[in-house]
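Biologist: I'd like to learn how to read a model like this one. Could you put it up and take me through it feature by feature?

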Amino acid sequence: MDMNGGQALIRALEMEGTEVMFGLPGGAILPVYDPVLDSTIRHILVRHEQGAGHMAEGYAHATGRPGVAMVTSGPGATNIVTPLADAYMDSIPMVCITGQVPRAAIGTDAFQECDITGITQAVTKHNFLVTSADEIPLVIRQAFHLATTGRPGPVLVDIPKDIVDPTNPASATGWDWPTDAEVEASLPGYHPATTGDPEAIERAAELILAAERPVLYVGGGILKARAAEALRELAELTQIRVVTTLMARGAFPDGHDLCLGMPGMHGNYTAVTSMQRSDLLIALGARFDDRVTGKVAGFAPEAKIIHADIDAAELGKVRRPDVPIHGDCRLIIEDLVAALRRRLSAGATTPDRGPWNSQISGWQERYPLAYEPPAEGDQLKPQMVLEHLRDSVPEDTILASGVGQHQMWASQYWRFQHPYTWINSGGLGTMGFSVPAAIGAKVGRPDRMVWAVDGDGCFQMTAQELVTASAERIPVKVAILNNAYLGMVRQWQEMFYEERYSEVYLSPDLPDYVKWAESMGCVGIRVESPEEIQPAIDKANDIDDRPVVVEFRTDSREKVFPMVAAGTTNDEIQVPPFQAGHGVQTGEGGH
Amino acid sequence: MTRRDALPGDPIRHHVLSVLVENRSGVLSRVANLFARRGYNIVSLAVAPTEDEGFSRITVVVDVESAPLEQIVKQLDKLINVIEISELDPRWSVERELLLVTVSATPEVRGQVVELAQIFEGRILAVTHDELTLSLEGHPTKVDDFEEMLRPFGIREIQRTGRVALPRLGAQRGPASATASVPPEAHAADIA
Ligand SMILES: Cc1ncc(C[n+]2csc(CCOP(=O)(O)OP(=O)(O)O)c2C)c(N)n1
């Protein structure tokens, strides 16, 4: 079948099962946009390429399928660098097509030329500059294969205009769809890991049965490996408590007796402290991120480490494991469960974990997540808003968040009962992530209610994508926790810079969020007093034909607690002031 | 570059990595960038196609302690175009380097320079009334010594290739960063 490179590209995306792509056209990618008109693929026209990237990420988070974005050369391509870096840090499968100037013009500083493969080398799993039309189907297959297997990640494919432009003879090509075997043979250096080493799994089983204070330290890799069910089996079999990192919220139900919630800089006291006092951390698809470990030298000093990960480079990167297991987490957990069952039925016993469990319940009782109730006339407490929202939506609602205090409160106060219901920017911490990510998630899961929780600072970075959402009839809901500040930065300035507030004030009413929402085709609602919270949420939940933005005016003085200050160990966790004084170390960071 | 030989107990800092890669544009920059990103110095780097023109071999000498090296090697291994990485223990490998040098050699000292070149088995490539261009191929330490001996005469220009290396016959290509302990029992004599 004769076609041109542009048609071949769209055909290849269809063959890979692409149902939707997010993008914005321009000169260099124009020829590829023509066959989009004849394609089964739904194209969502964004208002800024960063939006396209985060939408693709949100889509991938919610569905597990790779997100696809397409943009033009030069500024279109550089605008999507942030989402690529974001997807790289959080291992999100994503394929990004960028237009490029014609081959003959590459290197001449042609109009809208930029070396996007050079720029994105450090923030993609891999990237390609395609040099002939015939290569297009193979490269697209390679891109999807790389993005979705092993440790997932973003892959960029840069396409020079001349090989897709039907007016250029160089774009003429046949159609040759490579087989799986051909794709694998074309990537001789790529061998994603599968099962873990059986000996390592046996050693892990032995350590697990011998541990007195074990903790399952579960990271986002569990979700990537679709291993939530296997994890539950492991936890229930061994009765070991589970912490779910910021990237793993929902991988294990918050309502489960064994769930301890989120560890880390703003984790709850029990999750942080039980890791810290543990004698065995079973790290599954987690990467000992600095936001989890605190000062590494003082992290979980008595713990032996079992570390299972699909990426060998994570094993020993931060903390040397006693038992490293390289492979797919789901397969490793399944094998581990089998090994444990064999040992248990052969009569293996575990030490009495009664003292450990009562220590844990003691912490849970004394230091639950809590905030001070508002005094009469105070502005809204952000945590209270989140509790209302949490209790007013279906359990399988998808929650996306921006970056800052609101993100931490959302992760802390939500009750995640299902995997793939929490979408946030963990590794890169990208402000502006939530609105487009929520849109992408809603496109992927139209059956689900999708809320974005955003800060006023974040919202101003990518809000224009609500125009996209209105135009495309994607009814997401946004809760802005408007504290009139870059709140998280304000918190640090309050705590660590002697309340010297430098460049963090934003204003509560500039812009007018309700008018802005309305101008973008959304319903806009403002909430200023506690009595208005519930009716506003109910109203938003009832609207399903357009996006809704609810602006909550929240207390700018509220801080996120607990907190492990940067550079301190997890022993120095600071609980909120009203909880201190129970013999807890409150650290030196001071309030 | 240190001139003294390593003493027992010195942390090993110079590592020779032999990296087999797909022979495509951009691969070298991906490899080099990984070192640059962590601030590690590449001492030398040599790259050329192998017996199979689909692949190239990069011999890279890096200045880094073993623990961070392990991390770099694992990161290198993640590069899609990298096929295989091995660390070459100097005791188990054959290493060579080529040097081109132009030295001052006025008629009064020319004899001494020529004599040095003969002792080191170098070659004279070009002569003018006050300069000589020489080449020398050999083990990198020999090349170091030659360069040192020429220095007093006045080096006008110098270019070294950086080392290239292969495992000795009978030695296995170790996986990178495997703690190499015992050299192979029998190996072919390192002729030359
Ligand atoms: C793109 C980007 N720029 C800067 C930062 C640094 N930063 C982290 S949180 C934050 C404040 C966010 O403010 P807001 O969206 O209002 O959320 P809040 O913390 O008040 O909940 C800033 C500036 C960032 N994470 N991302």
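Modeller: Sure. Start with pLDDT, which is the predictor's confidence in each residue, from 0 to 100. You need it here, as this is a predicted model. For chain A the mean pLDDT is 97, and 98% of the residues reach 70 or more.

Biologist: Where in chain A is confidence lowest and where is it highest, going by its helices and strands?

Modeller: Strand β1 (residues 3–4) of chain A is lowest, with a mean of 96, while helix α18 (residues 434–444) of chain A is highest, at 99. Now look at residues 583–591 of chain A: the pLDDT there is below 50, though the stretch has 19 contacts in the model beyond near neighbours in sequence. Where pLDDT is low, predicted coordinates shouldn't be read in detail.

Biologist: Fair enough. How do I read the interface, and what area is buried between chain A and chain B?

Modeller: Interface size is often given as the accessible area lost when the parts come together. Between chain A and chain B, about 1400 Å² is buried, and carbon and sulfur atoms give 47% of that. Each side puts residues into the contact: 17 from chain A and 17 from chain B.

Biologist: How many salt bridges does the rule find across the interface of chain A and chain B?

Modeller: Two. One of them pairs A:D311 with B:K78, whose closest N and O atoms are 2.5 Å apart. There are also eight residue pairs in polar contact between the chains, counting pairs with both residues at pLDDT 80 or more. On the chain A side, the residues touching chain B split into seven nonpolar, five polar and five charged.

Biologist: Let's go inside chain A. Is A:L260 buried or exposed?

Modeller: The cut-off for buried is under 20% relative accessible area. A:L260 has 5%, so this residue is buried. A:L260 sits in strand β11 (residues 259–261) of chain A. Among the residues A:L260 touches are A:V242, A:A271 and A:I360. In sequence A:L260 and A:I360 are 100 residues apart, yet C-alpha to C-alpha they are 9.0 Å apart in space.

Biologist: And the backbone? Which peptide bond leading into A:P511 is cis?

Modeller: The one from A:L510 to A:P511, with omega near 5 degrees. A:P511 is placed in the loop between α21 (487–496) and α22 (513–519) of chain A. The bond from A:F561 to A:P562 is cis too, with omega near -5 degrees.

Biologist: What about phi of A:Q239?

Modeller: Phi of A:Q239 is near 60 degrees, a positive value in a residue other than glycine. A:Q239 is partly exposed, at 48% relative accessibility.

Terms used:
Residues are numbered from 1 along each chain as its sequence is written. Chains are lettered from A and ligands numbered from 1 in the order in which they are written. This is a predicted model: local features need pLDDT of at least 70, side-chain atom pairs count only at pLDDT 80 or more; totals for chains, interfaces and linings use all residues. Side-chain values use heavy atoms; hydrogens and water are left out. Contact means heavy atoms within 4.5 Å. Buried area is the accessible area (1.4 Å probe) that two parts lose on being put together, summed over both. A salt bridge is a side-chain nitrogen of Lys or Arg within 4 Å of a carboxyl oxygen of Asp or Glu. A polar contact is a pair of N or O atoms within 3.5 Å; within protein, one must be able to donate a hydrogen and the other to accept it, and residues adjacent in sequence count only if both atoms are side-chain atoms. Ala, Val, Leu, Ile, Met, Phe, Trp, Tyr, Cys and Pro count as nonpolar, Asp, Glu, Lys and Arg as charged, and the others, Gly among them, as polar. Helices (H or I, at least four residues) and strands (E, at least two) are DSSP runs, numbered from the N terminus. Buried means under 20% relative accessible area, exposed over 50%, partly exposed in between (1.4 Å probe, protein chains only). Lists of a residue's contacts leave out its neighbours within four places in sequence.
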